[in-house]
Amino acid sequence: MKIVFANSAWVNAAERLILRGGSWRSVRLRVRYGLIFHPSEGPVLIDTGYTPEALTGERRGRMLRLYGALLKPELNAAEQVLPVLKHFGLSQDEIRTVIVTHFHADHISGLSLFPKARFIASDAAWARVKARTPRQNWRHGVFVELFPPDFDARLDGLSSKPRIEARDDVLGGADLFGDGSVIAVDLPGHADGQFGLLFAGLERHLLYAVDVQWLLTALIESRTPGFPATLIAEDARAIEPTSAMLRRFVAAGGDVMLCHDPAPTSYDVTLSDPEAG
Ligand SMILES: [Zn+2]
C-alpha cells in the first residue's frame, strides 16, 4: 500500500505562537493532505487541504472571509488536490472515499470536488455540528458552508467501524477498511472529533497525527504552546496527554507526521506548477 502527501498551501506563523519558547521568526507552515493507494478500496483521500473554495468561493460567509483574511494562506497551485490526482492518472470521479480527520477549513474545503465519494469522519462530531448554530460552529473553527449539501447522506461514520484494541506497541482505534491497514486513532485536544491514521503495514509504523501540534519540535521536545494557541484548541488540557502518547509511539520506533510541519518528509510529493516560469 502506497501513501503520499502533498502540500496544498503555505501559511505563515510566528514561531512563538506554535512552539513554547520559540522566537518571533516567521515559520512557513505546510497544509498537507494525503492520498492512499489501497489494494481493495482504490484511491482514498486523507482530507483535501486548502482549495479556492475556502479563500475565494462565492458561498463563503462573513466569518470564513474574515478567517481567510487573517490567516492569508497562499495556495500551492501545483499541489492542489485535482492536479495531484491528475499526476497520478486519476480523475475526481474516481475518488470514492475521503477520510475527513476533522472539520477545520484547511481539511475540508475541497469536499465538494468529489461528488462520488463517501466521507469517513466522526459521526459524533458531525451530530454536534448539526446541533449548533452557525455562530457556535465558528467558535469551534467550523464553517458549515464548506460542506457539500449532501454530506450527511454520504457520511460513513467512525462509530460503525470495528474497533481494534491497543496492544503493546500498536495503538488502538477504528479499523477503517476491516483489514487492519488503516486505523483511525482518536487524538483529542485540537478539534472536536479529530483522529489520526495509523498505517501498520509499512516498514516502520506511521502515524499521521494531523494537527496534534503544528511543529514536530513542539511534539518531540514537549513544547506545547500556551496562550493564544490554547484559546483556539477544542480541549487544551487534552493536548499534552495526546502528545505524550505520540512520544511513546516514537520512542517505540514509530514515525509521526503532522499536517503543518515545514520540513519535507519521505512521503511528500513535490510537483512544480507547469504554468510558472
Ligand atoms: Zn485543524
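Trainee: In what sense do strand 1 and strand 2 pair, and over how many bridges?
Mentor: They pair in the antiparallel sense, over 11 bridges. Strand 2 covers residues 26-38. Keep in mind that this is a predicted model.

Trainee: Which residue in strand 2 stands opposite I3?
Mentor: That is I36. Further along, W10 has R30 in strand 2 as its bridge partner.

Trainee: Is strand 1 mostly covered or mostly open?
Mentor: Mostly covered. Strand 1 spans residues 2-14, and 10 of its 13 residues are buried.

Trainee: How many bridges join strand 1 to strand 4?
Mentor: There are 2, and the two strands run antiparallel. Strand 4 consists of residues 74-75. Its residue L75 stands opposite A9.

Trainee: What holds paired strands together in general?
Mentor: Strands of a sheet pair through backbone hydrogen bonds, in a parallel or an antiparallel way.

Trainee: Back to this one. In what order do the strands of the sheet come?
Mentor: The order is 4-1-2-3-5-6-7, so 7 strands form an open sheet with mixed pairing. Strand 4 and strand 7, residues 155-157, are the edge strands, each pairing on one side only.

Trainee: New topic. How many salt bridges are there in the whole structure?
Mentor: A search finds 15. One of them joins D268 and R32, with the closest N and O atoms 2.8 Å apart. This pair links distant parts of the chain, 236 residues apart: R32 is in strand 2, while D268 lies in the segment after strand 13 (255-257).

Trainee: Why does R32 count as buried?
Mentor: Because its relative accessibility is 1%, and the cut-off for buried is under 20%. D268 counts as buried too, at 14%.

Trainee: Which residue does R118 form a salt bridge with?
Mentor: With D156; the closest N and O atoms are 2.5 Å apart. R118 sits in strand 6 (residues 118-121) and D156 in strand 7, and 38 residues separate them along the chain.

Trainee: Is R118 buried or partly exposed?
Mentor: R118 counts as partly exposed because its relative accessibility is 23%. D156, at 17%, counts as buried.

Trainee: Which residues are in a network of salt bridges with R118 and D156?
Mentor: E41 and K161 are linked with them in that network.

Trainee: And what does R154 form a salt bridge with?
Mentor: D150, at 3.0 Å between the closest N and O atoms. R154 counts as buried at 14% relative accessibility, whereas D150 is partly exposed at 35%.

Terms used. Residues are numbered from 1 along each chain as its sequence is written. This is a predicted model: local features need pLDDT of at least 70, side-chain atom pairs count only at pLDDT 80 or more; totals for chains, interfaces and linings use all residues. Side-chain values use heavy atoms; hydrogens and water are left out. Buried means under 20% relative accessible area, exposed over 50%, partly exposed in between (1.4 Å probe, protein chains only). Helices (H or I, at least four residues) and strands (E, at least two) are DSSP runs, numbered from the N terminus. Two strands pair if DSSP finds at least two bridges between them. A salt bridge is a side-chain nitrogen of Lys or Arg within 4 Å of a carboxyl oxygen of Asp or Glu.
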